[in-house]
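Here are a few exercises to work through with the model open beside you. Try each task before you read its solution.

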Amino acid sequence: MQSGKGLGIVEGMASGKLVVLRPKPATSDETAKAVLPSRELDLYLTARKQAQQQLRLLQEQSAATLGKEQAAIFEAQAMMLMDEDFEEAVSSLILKKNHSATQAVRAGGEKIAALFPGMEEEQMRSKSADVLDLVQRLCLILSGQTETPTLPSEAFILMAKDLSPGELMQWRSPQLKGIVLSQGSAHSHLAILAAAMKLPCIIKADIDTEQAFEYTMLALDATSGIFYLDPELRFMSRFKQKLLQEDANRQIPNDLRFYGPRGEEIEVLANIGSLGEIDPFLQRNCSGIGLFRSEFLFMGRRELPSEEEQFELYRHLATGMEGKKVVIRTLDVGADKDAPCLDLAKEENPALGNRGIRLCLQREDIFRTQLRAVCRASVYGNLMLMVPMLISVDELLRVKGLLHEIQQELRQEGLEVPDLPLGAMIETPASVMLCAELAAEADFLSIGTNDLTQYTLAVDRQNVAIAPLYQQTHPAVLRMLREVIRVAKAEQIPCSICGELAHDTTHTGMLIEMGFSAFSMAPVHIPAFRKFLNEHYPCSKPSP
């Protein structure tokens, strides 16, 4: 057994087989001169477009599963990619110095990255790593080395000299248990992502990552900054006992239920976008899935997912949650999403364009396939459907009619299809003004506070320049929330909060006072939210 030390930047204990990441060797493109500069420039521009699509997808995935701060990492890289200085540095090396596209990206990017390390502000120094991450992404695209890694089926720990945010997202898996880096920074974007994912992590580890440690067992105690390589069985037995004890100390008992002042049970629901996010923690610590983002199945691919592929996904989703409710949001994409299989026209303002239910009702062939898949899978669990971007009652009625028609078709084909609860997502001012009519037709409501705030205040939530104006507790937004929950109570149908506001515990008390009792959030926020409930709300039903 070999032990070593490092600096723990995300506390916790973990064990697993090592997966060692090593820098990819330089390709011939990085040493050869350009034969035809105009061709190399075209190669660079094509690679830049592909990198932009990848970063947009990473931004959307991290926003959906981790949070706004984590998504901003990839948003910043996408902005750098289109930066005039970056483009000038690369294109001038191609056209004036006869560099290949790969050479120019490497040399130009490294020159820009070298400007940041000496700066006083930590935030500016971290930009150097962002630029180098961008350089690596472009070089891999140019070399054709863009295949995704094969994720291990058993617990593993990543080891590398350093790790970029993009690389970590590639290796993200329920089986990834920790990170060991021989270099790294406590203030890097990698550190932010590792903390959000609750991955024990040490940096500056005294270990040579060039040695053949692949698939060697490693026990990691990031709280103490110590790791143990190839530990003996007796040691591992004791380590695993400590690991179980740490988990027990950290966890609020998952069978605890919390109740509001009127005796209503407070539901904690999860927002997810893939099957990989369903793990034992999620199964134990939430009341169900309040939002499954079905669009991720359509993104980053050129062929539409078949009915069978979608059915298998929804079936595993239903069985994975073991009877707990799973709310599937119908396809919600627009021109701002990377979904080449949908062949969407470019739009000047995609946030207000052909998206959500508008697109589904226009592309009924695609929508029918999704509805058939969900209906077929509904027999395996407690599935529900939710319709996004509603602005009229007619849209909801058309979905209800189409759903009923498809259910009848499937029953005529001899399939057992239960009735499927249908909900309305309240995320436009129009849907708030029509919430009484929508509630009369829906089985439940869910308020998407992110878009509702954006549309109500006419504030682009991605625009850094006006970020202070984006306030989810703006008086106009709060008045809308009060009206929607009042209507839901009158119709006696459930109504949840879904968005950044759902996990913001500084406002949870106010929302519960309004009458809300269901909060749907990214899994990473659930432990802190349950801790807040445990401290402020009773675990037994109040006496009437």
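**Exercise 1: Cysteines**

Cys341 has a relative accessibility of 10%, so it counts as buried (buried is under 20% relative accessible area, exposed over 50%, partly exposed in between, with a 1.4 Å probe and protein chains only). Before going on, note that this is a predicted model, where local features need pLDDT of at least 70, side-chain atom pairs count only at pLDDT 80 or more, and totals for chains, interfaces and linings use all residues. Residues are numbered from 1 along each chain as its sequence is written, and side-chain values use heavy atoms, with hydrogens and water left out.

Task: find out how many disulfides there are, taking a disulfide as a pair of cysteine sulfur atoms within 2.5 Å.

Solution. Start with Cys341: the nearest cysteine sulfur belongs to Cys360 and is 12 Å away, and Cys341 is in no disulfide. Next take Cys498, whose nearest cysteine sulfur, that of Cys495, is 11 Å away, leaving Cys498 in no disulfide either. Cys498 is buried too, at 4% relative accessible area. The full count is zero disulfides.

**Exercise 2: Two helix pairs**

Task: work out how H3 is oriented relative to H4, then do the H12 and H13 pair.

Solution. Helices here are DSSP runs (H or I, at least four residues; strands are E, at least two), numbered from the N terminus. Axes are lines fitted to C-alpha atoms, for helices over the stretch in contact, and angles run from 0 to 180 degrees between N-to-C directions.

- Step one: the axes of H3 (residues 84-97) and H4 (residues 101-113) come within 8 Å and cross at roughly 135 degrees. That makes H3 oblique to H4 (under 35 degrees is roughly parallel, over 145 roughly antiparallel, 65 to 115 roughly perpendicular, the rest oblique).
- Step two: the H3 and H4 crossing is right-handed (the near helix is turned clockwise from the far one by less than a right angle; anticlockwise would be left-handed).
- Step three: look at who touches whom, with contact meaning heavy atoms within 4.5 Å. On the H3 side you'll find Phe86 and Leu93 among the residues meeting H4, whose own set includes Val105 and Ile112. That contact divides into ten nonpolar, two polar and one charged residue (Ala, Val, Leu, Ile, Met, Phe, Trp, Tyr, Cys and Pro are nonpolar, Asp, Glu, Lys and Arg charged, and the others, Gly among them, polar).
- Step four: H12 (residues 364-377) and H13 (residues 393-412) have axes that come within 10 Å and cross at roughly 60 degrees. That makes H12 oblique to H13. Their crossing is right-handed.
- Step five: H12 residues including Arg368 and Arg372 meet H13 residues including Glu405 and Glu409. By class, the contact of H12 with H13 has eight nonpolar, one polar and six charged residues.

**Exercise 3: Loop residues**

Task: check whether Asp343 is buried or exposed, and do likewise for Ala458 and Ser294.

Solution. Most residues other than glycine have a negative phi. Asp343 has a positive one, near 50 degrees, and sits in the loop between S11 (325-329) and H11 (356-362). At 68% relative accessibility, Asp343 is exposed. Ala458 has a phi near 55 degrees, also positive, in the loop between H16 (449-457) and H17 (475-491). Ala458 comes out exposed at 70%. Finally, Ser294, in the loop between S10 (288-293) and H10 (307-320), is buried at 0%. Its contacts beyond four places in sequence include Tyr314, Arg329 and Gln370.
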